[in-house]
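The following report covers burial, contacts and core membership in one chain. It should be read alongside the sequence and coordinates.

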Amino acid sequence: MFWRALTSISRQKGGVVLSILKLDAGGIPQCWIDTEDATRHYADDSVLWTLGDPVAIMRGGMSRLTGRQSIIELHSIIAVKGSAKINLFDVLPAITKRKLYRRDRGLCAYCGCRISENDAEAEHIIPNSRGGSYTWMNLVVSCRPCNQRKGNRTPERAGMSLLYAPYTPSLYEDMILKGRNILSDQMDFLAANLPKDSRILQDPFWV
Ligand SMILES: [Zn+2]
């Protein structure tokens, strides 16, 4: 069946695409999906329960049984049948520059200046040439001048100390880092599973 949005999405921000948070049957976040994928889960009856407010109403064809138009109300968080084949808690979140930028709140790790996402550089704390790896624990964002000044040296050698510590995001933090236009009930759900001192809660400036 072909589904179309019946209502404008009530809390859509500035005409941008809405994301729905997909959980497994146990309530563990799996991924962000678009309204089309979410509708498919509703239509094939695989949505077990939902959280959050309705964010869109989708209109399908006429039902042969009732003679009425099929309607699906999408919620901002849906739990779908089945469990993930892999335990996402065991998987290190993939690193992207965008997520790194958000983890580090767009602040240069050495001088603390606010940098735009385009100008931010993924900086190896221990340089690549000295065996430093491309991992969450060895990367921070820095501005270009700091990156160039530090060059191929360790922070100690360069006399440049880190203003904040790198860390590996948890599954819930990773969902926030990769989310787009996160709605407040989605944010509340994810934030409830974060440590109270999570840096992401201090300044989720992209939400
Ligand atoms: Zn800097």
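Leu107 is buried, because 20 other C-beta atoms lie within 10 Å of its own, and the cut-off for burial is 20 or more. The model is a predicted one. Leu107 sits in the loop between helix H2 (97-103) and strand S6 (121-124). Leaving aside neighbours within four places in sequence, Leu107 is in contact with Gly112 and Arg114. Ser142 is 35 residues away from Leu107 along the sequence, yet the two C-alpha atoms are 7.1 Å apart.

Gln69 contrasts with this loop residue in its burial class: Gln69 is exposed, as 11 other C-beta atoms lie within 10 Å, where the limit for an exposed residue is 12 or fewer. Gln69 belongs to strand S5 (residues 69-80). Beyond four places in sequence, the residues that Gln69 touches are Arg59, Gly60 and Met62. For Arg59, 10 residues from Gln69 along the chain, the C-alpha separation is 7.1 Å.

The table sets the two residues side by side.

| Residue | Burial | Other C-beta atoms within 10 Å |
|---|---|---|
| Leu107 | buried | 20 C-beta atoms |
| Gln69 | exposed | 11 C-beta atoms |

Strand S5 also matters for the nonpolar cores. In soluble globular proteins, nonpolar side chains tend to be buried together. The largest nonpolar core here has 22 residues, and Leu74, Ile78 and Ile176 touch the most other members. At least two residues of this core come from each of strand S2 (20-23), strand S4 (47-62), S5, helix H5 (171-178) and helix H6 (184-191). S5 supplies the largest share, 6 residues.

Ile78 has contacts with Ile20, Lys22, Leu23, Ala38, His41, Val47 and Thr50, not counting residues up to four places away in sequence. Apart from the largest core lies another, of 12 residues, which includes Cys108, Ala120, Leu139 and Cys143.

Two of the contacts of Ile78, Ala38 and His41, are also among the buried residues of helix H1 (residues 35-43). The buried residues named for H1 are Thr35, Ala38, Thr39 and His41. Which side of the helix do they take? These residues lie on the same side of H1, because they cover an arc of only 160° around the axis. After H1 comes Asp45, which has a positive phi, near 65°.

Technical notes:
Residues numbered from 1 in each chain as written. Predicted model: local features only at pLDDT ≥ 70, side-chain atom pairs only at ≥ 80, totals over all residues. Helix = DSSP H or I, 4+ residues; strand = E, 2+ residues; numbered from the N terminus. Arc of directions from axis to C-beta. Contact = placed C-beta atoms within 7 Å. Core = buried A, V, L, I, M, F, W, Y, C linked by C-beta atoms within 7 Å.
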